[in-house]
Amino acid sequence: MKKNKMIGKMAAAGMAVCLFAGTVTGCSSGTNGDAPASNSSSQAETGGQTSDKGEEPVHLKLFLTNKNIVDGSYAKTYIEEATNTKLEIVQVATKDLDNKLNMMLASGDWPDIIQCETETMESKLLSSGKLLPLNEYWDDYPNLKNARDEETWDVMRYNDGNIYAIGIKNPNPLSIIAYRKDWLDKFGLDIPTTLDEYYEVAKAVSKNDPDGDGLDNTFAFGGYQNVDTSWFDHIFGAYGALPNYWMLQDGHIVNGSVQPEMKEALMYLNRMYNDGLIDPEFVTDDAKRWQQKVKSGIYGAGVTKIHIFDKNNWSNYYKPFKESNPDGELVYGPVLQGGSENPVGIRMASERGWLRTFIYKDSKNVDACLRLLDWLTSEEGNRFTQYGLEGEHYKWEGDKLVKLIDEEQTNELDLNKFFIGNTVLFDDASPEIFDAFDYSHTECIAEPTDGIFIDELNEIYPKLEELTNTRYIEMIVGEVPIEGGFEDFVEEWYSRGGDKLTAAMDEAYQAKQK
Amino acid sequence: MARKKKISPFTVLNYALFVLIGIIMVYPFWYVVMYSFSDPSRSDLSSLYLWPEGFTLSAYAYAFSKKILLTGFLNSVFLTVVGTAVNMALSVMLAYPLSREKLPGKRFFSAFVIFPMLFSGGMIPTYLVIKQYGLLDSLWSLIGYMAVNVYNLLILTKFFKSIPESLIEAAKIDGCGDVMTLIQIVLPLSKASLATIALFYAVQHWNEFLYSTIYINTDSKWPLQVVLRNIIDMVANDLNNSGAVTMNPENFKMATIVITVIPIICVYPFLQKYFTKGVMMGSVKG
Amino acid sequence: MAAGVKTVRGAAPNRTLWKTIKGYKALYLLMVPGLLYFILFRYVPMFGLVIAFKDYDIFKGIWESEWVGLQNFRDLIDSPDFWNVMKNTLVISFVKILIGFPIPILLAILLNEIRHVRFKKVIQTCIYLPHFLSWVVISGIMLNLFSPVFGLAGTFFRTFGLEPVNIMAQKGTIFWVVIFSDIWKEAGWSTIVFLAALTQVDMNLYEAAKMDGANKIQQMIHITIPAISSIIIVMLILRIGKIMNAGFEQILVLQNPVTRESIDIFDTYVYREGLQMGSYSFAATVDTFKSVIALILVTSANKISKLFGEEGLV
């Protein structure tokens with residue numbers, strides 16, 4: 001009964017609020033329009049004065065993807081002391097990031113520092129006019145400014161000329177065309193350079209029982225479900241275009257999905273599928289099952305994660321792979337010839353980096369936000385957040401960094417968790433991964449429209465990407481015939497807004513070139 | 001009554017059927033348990049996980065090494081116990097009047113509670129309202145928002161209705177008021193249905209996840225489901241490059257499922273004893 | 001009920017009505033906390049339904065956003081996917097009810113026949129376990145079982161000399177995968193409410209039936225089912241109220257590029273094209289549309305059940 005009274009009280013209080021403000025809607029939605037903006041900008045001035053080189057730590061609210069950072073942990077405390085801040089971190093699992101942020105923003109609850117993953121959210125934030133232009137402040141924050149080269153900042157530049165975001169810098173791309181060298185050797189084959197040679201290799205690794213277990217359970221490659229169909233990039237690329245990718249053709253922007261060459265590529269893939277060279281479960285596999293398969297070594301010739309080349313076990317690929325395949329050895333190969341006059345390599349991720357970070361324009365403590373980002377992007381801050389302190393948590397052996405603490409301790413100290421505009425360091429990686437990075441970088445193609453944000457892209461493109469993915473895979477597995485089916489798809493693609501989008505993208509691209 | 005026990009073909013078939021169904025339906029959970037004990041390095045794509053592949057407790061060790069797990073567990077227990085108590089109190093207090101045929105305005109009140117089952121304000125408006133009430137970042141937001149479930153309310157109303165009118169009239173004649181009738185006659189007769197509804201509510205609270213992520217910011221207030229999901233998200237996030245987490249995300253996920261499911265399935269056997277037959281009969285005679 | 005109302009209306013309306021209401025004072029007071037809950041947490045947020053008639057921008061707020069009238073609804077109905085989604089939602093829900101609704105009732109009745117208490121309890125616990133696993137986990141297990149290369153299904157096909165197929169990646173088979181996996185996961189859990197209802201059946205009726213020589217099947221048809229029919233009807237009407245929700249989480253994990261269009265339902269559609277793209281107006285539009293359909297269906301089902309002499313929802 002007590003509980004009921006409690007609820008009753010709560011209810012009564014709530015009712016009072018309603019009546020007081022006329023309607024709840026009146027107060028809730030009215031305030032997130034102009035009121036908080038003017039409010040906090042007036043506070044911003046006073047905040048700016050007190051927190052300059054203030055004695056009191058400045059309270060900052062951060063909205064970050066969840067890393068289980070614990071309040072009072074070693075790394076968090078260290079960063080707070082180094083930047084004279086007190087960090088309140090709202091941590092959200094990657095999947096729920098957008099949803100949660102939308103709720104907070106809709107109720108006028110702006111964090112000081114915001115991290116977002118999807119381009120949808122990014123586009124929304126960029127067009128809101130509520131973000132801090134970093135470039136206007138960064139002469140005072142040289143580390144932040146120097147964290148990226150001119151080229152990257154250019155990609156980050158929004159159409160109003162300002163730069164609002166910094167991403168986590170990763171090597172790019174993270175995929176590579178790889179072959180099982182031990183299997184090639186076993187069958188006396190060379191690394192393929194043409195589509196015909198590739199077919200022979202694919203056939204050998206899937207049909208000649210390379211692992212010798214008597215079962216038909218090896219394949220050229222598989223894939224998992226994400227809309228960019230990048231698992232087929234080595235074939236599509238050989239035919240000169242990449243689906244769901246913008247490309248430059250005679251100075252104009254076109255989409256790879258609807259290029260006529262793709263029809264032949266689909267036929268090639270369909271033949272591979274019918275011959276049992278592609279893992280038939282690529283349609284249903286999720287990322288985890290695909291990873292499990294890669295690590296157990298059932299794939300011999302196709303696009304794979306570059307991680308597997310790091311003998312120091314980056315992202316835990318190499319070790320499990322070696323455990324299941326003691327003789328297993330991987331080697332990467334070039335873009336395949338013989339499909340198109342101008343073959344292209346595999347796709348790159350956006351140069352803007354993973355998880356972009358923004359500062360709220362009307363934050364009470366803009367300078368503290370900048371100070372924090374500046375410290376995190378400094379060499380000291382970047383190395384500390386990933387490895388800790390020299391002598392205590394790691395040491396140098398020549399140019400290679402050796403960790404003195406194990407993974408569990410790293411976790412306990414909250415090291416390797418503050419990924420906010422960092423550059424990912426590979427001080428502890430094996431030389432093989434650097435070779436792979438260099439190689440993949442020469443063999444890939446960048447998207448000319450990287451960094452372009454227009455409304456149409458946000459509204460139409462996701463649907464078209466989905467459509468492409470659906471129709472392409474239907475054609476590869478033979479649910480829809482390629483003859484006729486491809487032409488229908490192209491028509492559908494254009495009629496669902498593809499024509500409008502292509503024109504708009506081209507226009508935006510041309511404008512950016514000027 | 002005292003007929004000799006004769007095993008009929010029906011009985012044999014019935015038992016056989018349930019053995020089969022039991023095996024089919026217990027398999028997913030069995031799979032999860034066996035997977036959670038399996039050695040990640042021996043993961044075998046063709047295993048059905050009838051037994052663990054290898055044996056290790058590393059996934060559990062990893063989970064229990066997280067201090068936040070205990071906080072999450074306690075939050076979930078609080079949410080479930082207090083939440084279910086609130087649910088039951090409110091639902092009984094609503095369902096009983098709604099089950100009284102003669103209550104003037106009954107049709108209106110019924111429509112009033114059924115309408116929100118079909119129409120809701122949506123996620124953002126609800127969030128704004130919860131924020132107005134000052135409940136954000138508090139477990140009370142979840143208890144408040146989920147205080148009555150219309151489905152459970154209507155089922156409970158139906159159960160109350162099935163209590164013979166004569167019993168209630170008799171109590172009235174004995175001078176019992178409505179509240180006393182509810183407490184002394186109706187509730188004791190409805191143990192099975194109350195147990196059922198309580199179970200539904202408790203499970204709903206225990207499994208609740210979506211609103212917890214939306215309404216609760218502070219990690220020390222997260223219920224178990226959110227804590228575990230976030231650890232999984234962290235362990236599994238392939239994009240988080242140099243973080244060389246060697247824990248296999250799948251094994252870990254399975255272990256977390258076992259950890260979350262075990263406490264709530266322990267509740268059921270306690271409720272099962274109320275599912276005994278002939279409760280009604282005994283009391284009618286008495 | 002009818003009688004009571006008539007008397008009230010018959011003589012001196014106001015005073016008698018007031019007297020009647022006063023007589024039920026305790027019952028009304030009991031309802032107050034619950035009704036307050038409905039007002040505060042269910043009705044107040046309903047102002048948000050206006051989002052469906054606006055072009056909602058989270059930065060402008062609900063009131064400041066632009067009115068667009070019925071444009072969102074027109075966009076929904078004009079969308080090239082609308083009829084496919086509508087058809088899938090209704091067909092999947094309908095077949096789920098047709099096959100999935102009677103099974104728990106049958107299971108509960110049969111389980112009720114089991115006299116061995118311990119066996120019964122163990123079985124009860126086993127069959128409701130899958131309910132606690134998320135669809136992500138269940139689909140993971142299904143991928144494992146139905147894998148044409150590594151799974152049980154592959155072995156099965158090869159044993160019989162057939163070409164292994166991936167039943168989770170074919171337009172023709174995915175529908176039945178949806179229906180039966182739903183039964184697999186939820187049938188056991190759904191028995192609970194019927195088991196509770198069965199405890200209220202008068203045992204004397206069975207004794208009397210046995211005297212009359214009725215066999216088990218006849219007893220079930222003539223005693224058990226009528227005795228729990230009011231609960232069955234309520235559950236059915238409630239289930240019909242959910243007809244526009246054909247199983248969001250389930251469909252979402254079972255969709256892949258090949259099966260997407262064959263099992264696309266409103267909830268997955270709105271997730272992709274509304275929520276994931278941050279278009280809350282579109283999501284609210286679809287929700288409102290679904291709610292209106294559900295309201296019509298529930299009211300009709302309620303009327304029909306009353307025509308058949310049943311009580312209906314309340």
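**Strands, helices and contacts**

Trainee: S3(A) and strand S11 (residues 354-359) of chain A are antiparallel partners, joined by four bridges. What makes two strands a pair?

Mentor: DSSP has to find at least two bridges between them. S3(A) and S11(A) have four, so they clear that bar. Ile114(A), for one, has Phe358(A) as its bridge partner in S11(A). Keep in mind that this is a predicted model, in which local features need pLDDT of at least 70, side-chain atom pairs count only at pLDDT 80 or more, and totals for chains, interfaces and linings use all residues. Residues are numbered from 1 along each chain as its sequence is written, while chains are lettered from A and ligands numbered from 1 in the order in which they are written.

Trainee: How do you know that strand S1 (residues 58-65) of chain A also pairs with S3(A)?

Mentor: S1(A) and S3(A) share two bridges, in the parallel sense, and two is just what the rule asks for. Leu62(A) is bridged to Ile113(A) of S3(A).

Trainee: What makes the pairing of the whole sheet mixed or uniform?

Mentor: The sheet is open, has five strands in the order S2-S1-S3-S11-S4 (chain A), and its pairing is mixed. You've met both kinds: S1(A) with S3(A) is parallel, whereas S3(A) with S11(A) is antiparallel. At the edges, each pairing on one side only, are strand S2 (85-92) and strand S4 (165-168) of chain A. Ignoring direction, the average turn between neighbouring strands here is 20°. Helix H5 (residues 97-106) of chain A lies across S1, S2 and S3 of chain A, at about 145° to S3(A).

Trainee: And what counts as a strand or a helix?

Mentor: Both are DSSP runs numbered from the N terminus: helices are H or I with at least four residues, strands are E with at least two. By that count, chain A has 21 helices and 14 strands.

Trainee: Which way do the residues of strand S3 (residues 113-116) of chain A point, and are they buried or exposed?

Mentor: Ile113(A) and Gln115(A) point one way, Ile114(A) and Cys116(A) the other, and all are buried. Buried takes 20 or more other C-beta atoms within 10 Å of the residue's own, exposed 12 or fewer, partly exposed is in between, and C-beta atoms are placed from the backbone. Over chain A, 47% of the 514 residues are buried.

Trainee: Chain A has another sheet, in the order S8-S5-S9 (chain A). Why do S8 and S9 of chain A count as edges?

Mentor: That sheet is open, with three strands in antiparallel pairing. Strand S8 (301-305) and strand S9 (330-332) of chain A each have a single partner strand, so one side of each lacks a neighbour in the sheet. Neighbouring strands are turned by 50° on average, direction ignored. Strand S5 (residues 175-180) of chain A meets S9(A) through three bridges, with Tyr179(A) bridged to Val331(A).

Trainee: Over to chain C: why is Met244(C) called buried?

Mentor: Met244(C) has 23 other C-beta atoms within 10 Å, so it passes the cut-off of 20. It sits in the loop between helix H13 (229-241) and helix H14 (248-254) of chain C. Leaving out residues up to four places away in sequence, it touches Thr89(C), Phe266(C), Lys290(C), Ile293(C) and Ala294(C); a contact means backbone-placed C-beta atoms within 7 Å.

Trainee: Why are helix H6 (residues 102-112) and helix H10 (residues 171-198) of chain C called oblique?

Mentor: Their axes come within 7 Å and cross at roughly 55°. Under 35 degrees is roughly parallel, over 145 roughly antiparallel, 65 to 115 roughly perpendicular and the rest oblique, so H6(C) and H10(C) are oblique to each other. The contact involves residues including Leu107(C) of H6(C) and Phe194(C) of H10(C). It has 11 nonpolar, three polar and no charged residues; nonpolar means Ala, Val, Leu, Ile, Met, Phe, Trp, Tyr, Cys and Pro, charged means Asp, Glu, Lys and Arg, and the others, Gly among them, are polar.

Trainee: What makes helix H1 (residues 9-37) and helix H13 (residues 249-265) of chain B oblique?

Mentor: Those axes come within 8 Å and cross at roughly 125°, so H1(B) is oblique to H13(B). Val32(B) of H1(B) and Met254(B) of H13(B) are among the contact residues, which divide into seven nonpolar, two polar and no charged.

How values were computed
Two residues are in contact if their C-beta atoms, placed from the backbone, lie within 7 Å. Axes are lines fitted to C-alpha atoms, for helices over the stretch in contact, and angles run from 0 to 180 degrees between N-to-C directions.
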